[in-house]
Amino acid sequence: MTTPTAPPTTATPATTATTTTAATAATTPRLGRLVDEIRETVGRGLAPDATAYLVGERLAAHLGAPDLLTPEQCEGYPDRYRQHILHAEADGSFSVVALVWMPGQRTAIHDHVSWCVTGVHQGTESERRYRLVPDVPAARLIATEDVVNRQGDVCGFAPPGDIHRVRNACSTVAISLHVYGADVSRLGSSVRRVYDLPADEF
């Protein structure tokens, strides 16, 4: 099934709407092992959904480990969530990113440029998934599922049908690791489009 394309006025290219900044920092030995495991998995050349599933299995084994990230990679911003680029593969086949969220911080409603796997390293994240109803001239987003992801939880997806919004709904800092099938260091973000449409909020 193919997700309909939004009318031109309903979505903003990610390059004009990114809410994160990127910084490449040192790699811990554990993160280095995770990168090696992801590289081996991505190198199999499987379909995007199968790749995401297998990468999720590798990521899950490292979530919550105190030696996965450096202290600097756990730092956030007071006014918006923060992106730390942990690794970008030289051939552009995948990137590993840490997102740090203060309580209440959230993304815009968006979709992605590639398959993605997310895992909660610390805290709790809430996610609302959407389906685009492209009725012209009144396109809108319908909520299809609410998901609460806690430390150790992993989820993955591949476009199309990957429109969602994520927020930190807990009272402490939340940190999640994201693996994307794209070079985020070059793109600046995994976001393909930001949707400015009537939507079911949460």
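User: Two strands count as paired if DSSP finds at least two bridges between them. With that in mind, over how many bridges do strand β5 and β10 pair?

Analyst: Happy to start there, and please keep in mind that this model is predicted. β5 covers residues 116–122, and its pairing with β10 is antiparallel. Within that pair, Thr118 has His178 as its bridge partner, while Val117 is bridged to Val179. The count of bridges between β5 and β10 is six.

User: What is the order of the strands in the open sheet?

Analyst: The sheet is open, has five strands and shows antiparallel pairing. β2 (82–88) and β8 (154–157) each have a single partner strand, so one side of each lacks a neighbour in the sheet and both stand at the edges. Neighbouring strands are turned against each other by 20° on average, direction ignored. Read across the sheet, the order is β2-β3-β10-β5-β8.

User: Which residue of β10 is the bridge partner of Leu99?

Analyst: Let's look at the other side of β10. β3 and β10 pair in the antiparallel sense over seven bridges. Across to β10, the bridge partner of Leu99 is Ser176.

User: How many residues of β10 are buried?

Analyst: It helps to take the two faces in turn. On one side Ala174, Ser176, His178 and Tyr180 are buried, and on the other so are Ile175, Leu177 and Val179. β10 is largely enclosed by the rest of the structure, because its buried residues number seven of the seven.

User: Which element gives the largest share of the largest nonpolar core?

Analyst: This core has 22 residues, and Ile38, Val96 and Leu177 have the most contacts inside it. Two or more residues come from each of α1 (29–42), α2 (48–60), β3 (95–101) and β10 (174–180). The largest share is five residues, and it comes from α1.

User: And how many residues are in the second, separate core?

Analyst: Among its members are Val97, Leu99, Trp101 and Ala174. This core is separate from the other one, and its number of residues is eleven.

User: What arc around the axis do the buried residues of α1 cover?

Analyst: α1 has 14 residues and spans 20 Å from its first C-alpha to its last, close to the 20 Å expected. Its buried residues are Arg30, Leu31, Leu34, Val35, Ile38, Thr41 and Val42. They lie on the same side of α1, because the arc they cover is only 140°.

User: Against which elements do those buried residues of α1 pack?

Analyst: Two of these residues give a good view of the packing. Leaving out residues up to four places away in sequence, Ile38 touches Val55, Phe94, Val96 and Val179. With the same exclusion, Thr41 touches Thr51, Leu54, Val55 and Arg58. Taken together, the buried residues of α1 pack against α2, β2, β3 and β10.

User: What is the relative accessible area of Thr41?

Analyst: Thr41 sits in helix α1. The cut-off for buried is under 20% relative accessible area. Thr41 is buried, because its value is 0%.

User: One last point: about what angle does the direction of α2 make with that of β5?

Analyst: α2 packs on the sheet, where it touches β5, β8 and β10. Its direction and that of β5 make an angle of about 15°.

Notes:
Residues are numbered from 1 along each chain as its sequence is written. This is a predicted model: local features need pLDDT of at least 70, side-chain atom pairs count only at pLDDT 80 or more; totals for chains, interfaces and linings use all residues. Side-chain values use heavy atoms; hydrogens and water are left out. A nonpolar core is a set of buried Ala, Val, Leu, Ile, Met, Phe, Trp, Tyr and Cys residues joined through side-chain atoms within 4.5 Å. Buried means under 20% relative accessible area, exposed over 50%, partly exposed in between (1.4 Å probe, protein chains only). Helices (H or I, at least four residues) and strands (E, at least two) are DSSP runs, numbered from the N terminus. Contact means heavy atoms within 4.5 Å. Axes are lines fitted to C-alpha atoms, for helices over the stretch in contact, and angles run from 0 to 180 degrees between N-to-C directions. The expected span of a helix is 1.5 Å times one less than its number of residues. The arc is that of the directions from the helix axis to the C-beta atoms.
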